[in-house]
Every structure is written in C-alpha cells, then in structure tokens.
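Here's a quick tour for anyone meeting this structure for the first time. Take a look at the model, then read on.

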Amino acid sequence: MAPVAVFVGVMGAGKSTIGAAVAAELGVAFADTDAIIEDRAGKPIPDIFVEDGEPAFRDLERRTVAEALATFDGVLALGGGAILDEDTRKLLAGHTVVYLSVELTDAIKRVGLGAGRPLLAINPRATLRHLLDQRRPLYLEVATHTVATDGRAEAETTAEVLTLLRR
Ligand SMILES: Nc1ncnc2c1ncn2[C@@H]1O[C@H](COP(=O)(O)OP(=O)(O)OP(=O)(O)O)[C@@H](O)[C@H]1O
Ligand SMILES: O=C(O)C1=C[C@@H](O)[C@@H](O)[C@H](O)C1
Ligand SMILES: [Mg+2]
C-alpha cells in the first residue's frame, strides 16, 4: 500500500489546502501528518514545541510519516520540515512526491504572522527566507513532480497537480 501522492513544501506552500482538494477530486482519503501528530499528542503543534521540544516533535513526525507511507493509500500531506530527516527522505524514494514550491513573497502573504507555526514565532520573514534556502534542495531531492504555486489561485494549482498525476 502506498499513498496516491505525497505533498512536500515549505510552510504556506499549500500542502494541506491543495492536498485536500486533490484528494476530493480523486475521490480518495486525505491525511496530513501534522494533524495526525496533533491527534496523537492530544495538543496543537505549538504546544508540542513548547512543552516537549522540537526534537520530540521531529521524532514523532518521523514515526508518523513512516507509518503513513506504509499504510495509507490516499493523498498525504507532510509537515514542512519532515524532509529534514534523512531516513524520511530515503523512505520517500519510490513514492509519487509532489513538491509545491513557493518563494518568499507569496509564502509570507499566506502564513501572515505565522500563527500556529512555532518556527515562525520570531521574525517570520527572515526565518522563512532561511528555511526556504536550507530546504529547497531537499524538497527537490525527494520530488517526482514540482509545481510552482507563486501568483496562482488554489484552483489553478490543484488542476496542474491533477494533470500531472493523471499522466
Ligand atoms: N496557489 C495556492 N496554492 C496553495 N495555497 C494557496 C494558494 N493560494 C493561496 N493559498 C493559501 O495559502 C495558505 C497556506 O496553505 P496551507 O496551510 O495549505 O500550507 P501548508 O503547506 O500546509 O503549510 P504548513 O507546512 O504550515 O502546514 C492557505 O490559506 C491557502 O488557502
Ligand atoms: O516547516 C516546519 O518545520 C514545520 C512545518 C509545519 O507543517 C509543522 O510540521 C511544524 O510547524 C514545523
Ligand atoms: Mg499544512
């Protein structure tokens, strides 16, 4: 069993939004590892970061992603930093992985002040710029498809992803 598609990309790329829309169009289930982690921990991600620390979150994330890749056959969205883990990147090999790319200007517009995103609690613009530079090569490494979302409406991005997946 394997997901129909796995979405990766930085915060604000649209993994949750576009992932859910693509799943609905394909008539399959949608899951988001951030939401699974919050369910399991019984608290929102910012609380996990503050109370348990980022390493504890990353550990939970690595295990959650591995389990979903092995057992889930719908559309799966990963958290923005899931690909930082080398084991996760190896596990993604062989899967259909859609990298939703977004550059700083649009990403900032979408995440606003970073509410609900603990890594953006301080200086969201500079942090996001750094995360984009650090992670872009990792997203490209795992991606089988790359879709640029800058300046595009959600419906347009969704349609392009569906075209790629149906090819
Ligand atoms: N063309 C577009 N593609 C994707 N999302 C868009 C687009 N235009 C606007 N958005 C908006 O960007 C916002 C951020 O999207 P979303 O929460 O899905 O990002 P994410 O990649 O899941 O982020 P995170 O890693 O923080 O969970 C949403 O409010 C969404 O509606
Ligand atoms: O980019 C990141 O490292 C994160 C992105 C979100 O999806 C969450 O997984 C969390 O806020 C961390
Ligand atoms: Mg999301």
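What follows covers some annotated residues, one helix and its surroundings, and a pair of helices that meet.

Keep in mind that this is a predicted model.

**The annotated residues**

Let's start with what the record says. An unreviewed UniProt entry lists Gly12, Ala13, Gly14, Lys15, Ser16, Thr17, Arg117 and Arg152 under "binding site". These residues stretch over 141 residues of sequence, and they are spread out in space too, with up to 22.8 Å between C-alpha atoms.

Two of the listed residues, Ser16 and Arg117, are set side by side here.

| Residue | Where | C-beta neighbours inside 10 Å | Contacts beyond four places in sequence |
|---|---|---|---|
| Ser16 | helix α1 (residues 15-26) | 15, partly exposed | Asp32 and Ala77 |
| Arg117 | loop between α6 (104-111) and α7 (124-142) | 21, buried | Met11 and Val111 |

Why is Arg117 called buried? Because 21 C-beta neighbours lie inside 10 Å of Arg117, and the cut-off for buried is 20 or more. Ser16 has 15 such neighbours, so Ser16 counts as partly exposed.

**Helix α1 and what it packs on**

Ser16 sits in α1, which covers residues 15-26. This helix has 12 residues and runs 16 Å from its first C-alpha to its last, close to the 16 Å expected at 1.5 Å a residue.

Which residues of α1 are buried? They are Lys15, Ile18, Gly19, Ala21, Val22 and Ala23. Lys15 is also one of the residues in the UniProt list. A bit of background helps when reading a list like that: an α-helix has 3.6 residues a turn, so residues three or four places apart point the same way.

And what do the buried residues of α1 pack against? Their partners are the strands β1 (5-8), β2 (30-32), β3 (75-77) and β4 (97-101), along with helix α8 (154-166). Right after α1 comes Gly27, which has a positive phi, near 70°.

**Where α3 meets α4**

Now for the pair of helices: α3 spans residues 45-52 and α4 spans residues 54-71. How do their axes cross? They come within 7 Å and cross at roughly 125°, which makes α3 oblique to α4. By class, the contact of α3 with α4 has 4 nonpolar, no polar and 2 charged residues.

Which residues meet there? From α3 come Ile48, Phe49 and Asp52, and from α4 come Glu54, Ala56 and Phe57.

Methods
Residues are numbered from 1 along each chain as its sequence is written. Chains are lettered from A and ligands numbered from 1 in the order in which they are written. This is a predicted model: local features need pLDDT of at least 70, side-chain atom pairs count only at pLDDT 80 or more; totals for chains, interfaces and linings use all residues. UniProt positions are given in the numbering used here, feature names are shortened, and annotations may be inferred rather than shown by experiment. Helices (H or I, at least four residues) and strands (E, at least two) are DSSP runs, numbered from the N terminus. A residue is buried if 20 or more other C-beta atoms lie within 10 Å of its own, exposed if 12 or fewer, and partly exposed in between; C-beta atoms are placed from the backbone. Two residues are in contact if their C-beta atoms, placed from the backbone, lie within 7 Å. The expected span of a helix is 1.5 Å times one less than its number of residues. Axes are lines fitted to C-alpha atoms, for helices over the stretch in contact, and angles run from 0 to 180 degrees between N-to-C directions. Angles under 35 degrees count as roughly parallel, over 145 as roughly antiparallel, 65 to 115 as roughly perpendicular and the rest as oblique. Ala, Val, Leu, Ile, Met, Phe, Trp, Tyr, Cys and Pro count as nonpolar, Asp, Glu, Lys and Arg as charged, and the others, Gly among them, as polar.
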